[in-house]
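This report describes the packing, helices and pocket of a single protein chain. Selected residues are then placed in that setting.

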Amino acid sequence: MNRPRIIVGIDQSYKNTGISAAKDGKLLWIKNVQLDKLPTNSMRRAKLSKVLERTISAAAHLYGAANVVCIVERIRLHSGVQRSFISIDYIKSMGALIGSIVDVCAKYNVVVYSVDTRCWKSQVIGTSKPEDNQYGVPPEKWPTVAWCIDQGFQSSLLRRVQGRKVKGTFVCCGERWRYDDDAADSAGIAMFGVVGDWNKLKVER
């Protein structure tokens, strides 16, 4: 099949949403939208929508809506090794977040798909298994961070840490840093649109 020229990948959350783009089969950029300082989920959705609209409108204008797609991470119904059910409140809140993304894309006739976490990790990163590391990144997130670094996007993931936070950080050149694993995940999701099996995607409406 002919893949769209522009694929926007989103790892959505109310704390920190990763947004990445692939163009003509190659990862183009990796960014994030920090949302946890805002007091309500409604305000967080509004801020994310505003940021995303700039990306989607520009891409649709330059390349045509038919050449642009957006892929989000599908809502999980289970969590962890025990496969415990995720709360209904969480599912409802994430559904609202995806809905706000769909609404932005619909304004520009851009289709939104979702992909399962294990699916994009296995097909893009090559594994969905956790891996220990020396940088404080959660083991289940490290393979994707390492993959992004290998792609040449280390600087797009580095965040300087202010204050006394130690967990999830590392020290380099006398300063404390952390890797933005949400941004890294969005890159993997974007690249699924390039190398993944599109039969595994689901249209979000």
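Helices and strands are here DSSP runs, of at least four residues (H or I) for a helix and at least two (E) for a strand, numbered from the N terminus. The model is a predicted one.

**Strand E1 and the residue Ile-6**

Ile-6 has its place in strand E1. Because its relative accessible area is 5% and the limit for a buried residue is under 20%, Ile-6 counts as buried. Apart from residues up to four places away in sequence, Ile-6 touches Ala-22, Lys-23, Ala-59, Tyr-63, Asn-67, Val-68 and Val-69. Strand E1 (6-11) is also among the elements that cover the buried residues of helix H1. Thr-169, by contrast, is 163 residues from Ile-6 in sequence and 33 Å from it in space, C-alpha to C-alpha.

**Helix H1**

Helix H1 spans residues 41-63, 23 residues in total. The distance from its first C-alpha to its last is 32 Å, close to the 33 Å expected at 1.5 Å a residue. At Leu-52, H1 bends by about 25°. Leu-52 is also one of the buried residues of H1, together with Arg-44, Leu-48, Ser-49, Ile-56, Ala-59 and Ala-60. The cover over these buried residues includes, besides E1, strand E2 (16-23), E3, E4 and helix H2 (88-106).

Ala-46 is likewise found in helix H1. Its relative accessible area is 47%, and Ala-46 is therefore partly exposed. The C-alpha atom of Ala-46 is separated by 9.9 Å from that of Ile-101, 55 residues apart along the chain. Just after H1, Gly-64 adopts a positive phi of about 90°.

**The nonpolar cores**

The largest nonpolar core holds 30 residues, of which Ile-30, Val-115, Trp-147 and Leu-157 touch the most other members. Two or more residues of this core come from each of strand E3 (26-34), strand E4 (68-73), strand E7 (111-115), helix H3 (117-125), helix H4 (142-150), strand E10 (175-179) and helix H6 (181-195). Among these contributors, H6 gives the most, with six residues.

With neighbours within four places in sequence set aside, Val-115 is in contact with Ile-71, Val-72, Glu-73, Arg-74, Trp-120, Ile-189, Phe-192 and Leu-201. A second core, separate from this one, comprises 24 residues, including Tyr-14, Leu-52, Val-68 and Val-104. Leu-52 thus belongs to the second core and marks the bend of H1.

**Helices H3 and H4**

Lys-121 is found in helix H3. Is this lysine, Lys-121, buried or exposed? Lys-121 is buried, because its relative accessible area is 8% and the cut-off is under 20%. Leaving out residues up to four places away in sequence, Lys-121 touches Gly-126, Thr-127, Ser-128, Glu-140 and Thr-144. Lys-121 and Asp-185 are 64 residues apart in sequence, with a C-alpha to C-alpha distance of 8.7 Å.

Thr-144 is itself a buried residue of H4, as are Trp-142, Pro-143, Val-145, Trp-147 and Cys-148. The buried residues of H4 pack against E3, H3, helix H5 (154-157), E10 and H6. Gly-152, just after H4, takes a positive phi of about 95°.

**Positive phi outside glycine**

Two residues other than glycine with positive phi are set out below.

| Residue | Phi | Loop | Relative accessibility |
|---|---|---|---|
| Asn-109 | near 55° | between H2 and E7 | 61% |
| Cys-173 | near 55° | between strand E9 (170-172) and E10 | 76% |

Asn-109 counts as exposed because its relative accessibility of 61% is over 50%. Cys-173, at 76%, counts as exposed by that cut-off too.

**The second largest pocket**

The second largest pocket has a volume of about 550 Å³. Its lining is made up of 22 residues, and those closest to its centre are Lys-15, Lys-165, Arg-178, Asp-181 and Asp-182. Strand E8 (158-160), E10 and H6 each supply at least two residues of this lining. E10 and H6 also give two or more residues each to the largest nonpolar core.

Technical notes. Residues are numbered from 1 along each chain as its sequence is written. This is a predicted model: local features need pLDDT of at least 70, side-chain atom pairs count only at pLDDT 80 or more; totals for chains, interfaces and linings use all residues. Side-chain values use heavy atoms; hydrogens and water are left out. A nonpolar core is a set of buried Ala, Val, Leu, Ile, Met, Phe, Trp, Tyr and Cys residues joined through side-chain atoms within 4.5 Å. Buried means under 20% relative accessible area, exposed over 50%, partly exposed in between (1.4 Å probe, protein chains only). Contact means heavy atoms within 4.5 Å. The expected span of a helix is 1.5 Å times one less than its number of residues. The bend at a residue is the angle between axes fitted to the seven residues ending there and the seven starting there. On a 1 Å grid over the protein atoms alone, a cavity is a set of points where a 1.4 Å probe fits but cannot get out, and a pocket is an open set with protein on both sides within 12 Å along at least five of seven lines; lining residues have an atom within 4 Å of a point. Grid points are joined across faces, edges and corners, and a volume is the space filled by probe spheres set on the points.
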